[in-house]
Structures are given as structure tokens and as C-alpha cells.
Amino acid sequence: MKLKINKSNQTIKLNNKLYIPFNIHTLQYIKKYNKINSKYIFKLNSLIYIQSTQINNYKTILNLLNSSKLNKYSLN
């Protein structure tokens with residue numbers, strides 16, 4: 001298992017898969033969140049992490065990250 005944490009934007013890379021952090025109250029903005037398989041989601045501390053492949057649109061990811069105020073930076 002390979003784990004890499006990006007402290008600037010709080011993303012996690014686990015086995016070369018990018019996981020995006022969300023506050024619980026921002027999940028309502030993800031379309032079909034309740035249909036995401038639980039194997040692509042985990043909780044760490046007070047954040048919910050979802051594998052980026054499960055979110056439809058990269059722009060949506062950036063908007064959610066910015067709106068949730070988890071980071072001040074983009075994913076790049």
C-alpha cells in the first residue's frame with residue numbers, strides 16, 4: 001500500500017488513486033453521491049474522502065474543494 005498526503009490541499013493518493021476531501025455538509029452537492037460504492041469512500045478524522053474517478057467532472061471537484069474552504073490551492 002502506497003500513501004501520499006498533499007498537505008496544501010488535503011488530498012490523498014492511495015495506491016496511485018487520488019482521493020478528494022469533503023466536509024460532510026458539502027456531499028449534498030455531488031450528484032448521485034448516495035450511489036457511489038462504499039469501497040471508493042473512506043473517512044479520516046472529520047473529512048470524507050472520495051476517489052476522484054467517482055466524481056463526474058474535474059471542474060466540479062475544484063468547485064467543491066473551493067466552496068468547502070478545505071484548501072486555498074488547486075489540485076495541480
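How much area does the protein expose, and what share of it do carbon and sulfur atoms supply? I read off about 5,600 Å² of exposed area, with 49% of it supplied by carbon and sulfur atoms. I note at the outset that the model is predicted.

**Entry 1: confidence**

I looked up the confidence before any geometry. The mean pLDDT of the protein is 76, and 68% of its residues reach 70 or more. Strand 2 has the highest confidence, at 91, whereas helix 1 (residues 58–67) has the lowest, at a mean of 62. I also checked residues 71–76, where the pLDDT is below 50. In the model, this stretch nevertheless has 18 contacts beyond near neighbours in sequence.

**Entry 2: overall layout**

I counted the secondary structure as 1 helix and 5 strands. Along the sequence, I recorded the pattern β-β-β-β-β-α. Of the 76 residues in the protein, 36% are buried. I then took the contacts with a separation of 6 or more, and found that 47% of them join residues 24 or more positions apart.

**Entry 3: the sheet**

I traced the order of the strands and obtained 1-2-3-5-4, an open sheet of 5 strands with antiparallel pairing. Strand 1 (3–6) and strand 4 each have a single partner strand and stand at the edges, so one side of each lacks a neighbour in the sheet. From one strand to the next, the twist averages 25°.

**Entry 4: strand 3 and its two partners**

I followed strand 3 (residues 17–22) on both sides. Strand 2 (residues 11–14) runs antiparallel to strand 3 and is joined to it by 3 bridges. Among the facing residues, I noted Leu-14 opposite Lys-17, and Lys-13 with Leu-18 as its bridge partner. The hairpin of these two strands has 2 residues between them, and Asn-15 takes a positive phi near 50° there. With strand 5 (residues 47–51), strand 3 pairs over 4 bridges, again in the antiparallel sense. In that pairing I found Pro-21 opposite Tyr-49.

**Entry 5: nonpolar cores**

Which residues make up the largest nonpolar core? I listed 7 residues in all: Ile-20, Phe-22, Leu-27, Ile-36, Ile-48, Ile-50 and Ile-55. Strand 3 and strand 5 each supply at least two residues of this core. Another core, of 5 residues, lies apart from it, and includes Ile-12, Leu-14, Leu-47 and Tyr-49. I then returned to Ile-36, a member of the largest core. Leaving aside neighbours within four places in sequence, Ile-36 is in contact with Ile-41, Ile-50 and Gln-54.

**Entry 6: Tyr-33**

I looked up Tyr-33, which lies in the loop between strand 3 and strand 4 (41–44). Why does Tyr-33 count as partly exposed? Its relative accessibility is 26%, and the partly exposed class runs between the buried limit of under 20% and the exposed limit of over 50%. Not counting residues up to four places away in sequence, Tyr-33 touches Leu-27, Ile-41, Ile-48 and Ile-50. Of these, I had already listed Leu-27, Ile-48 and Ile-50 in the largest nonpolar core. I also took the C-alpha to C-alpha distance from Tyr-33 to Gln-54, which is 9.0 Å, with the two residues 21 apart in sequence.

Notes:
Residues are numbered from 1 along each chain as its sequence is written. This is a predicted model: local features need pLDDT of at least 70, side-chain atom pairs count only at pLDDT 80 or more; totals for chains, interfaces and linings use all residues. Side-chain values use heavy atoms; hydrogens and water are left out. Two strands pair if DSSP finds at least two bridges between them. Buried means under 20% relative accessible area, exposed over 50%, partly exposed in between (1.4 Å probe, protein chains only). Contact means heavy atoms within 4.5 Å. Axes are lines fitted to C-alpha atoms, for helices over the stretch in contact, and angles run from 0 to 180 degrees between N-to-C directions. Accessible areas come from the Shrake-Rupley method with a 1.4 Å probe; for residues, only the protein chains shown count as cover. A nonpolar core is a set of buried Ala, Val, Leu, Ile, Met, Phe, Trp, Tyr and Cys residues joined through side-chain atoms within 4.5 Å. pLDDT is the predictor's confidence in each residue, from 0 to 100.
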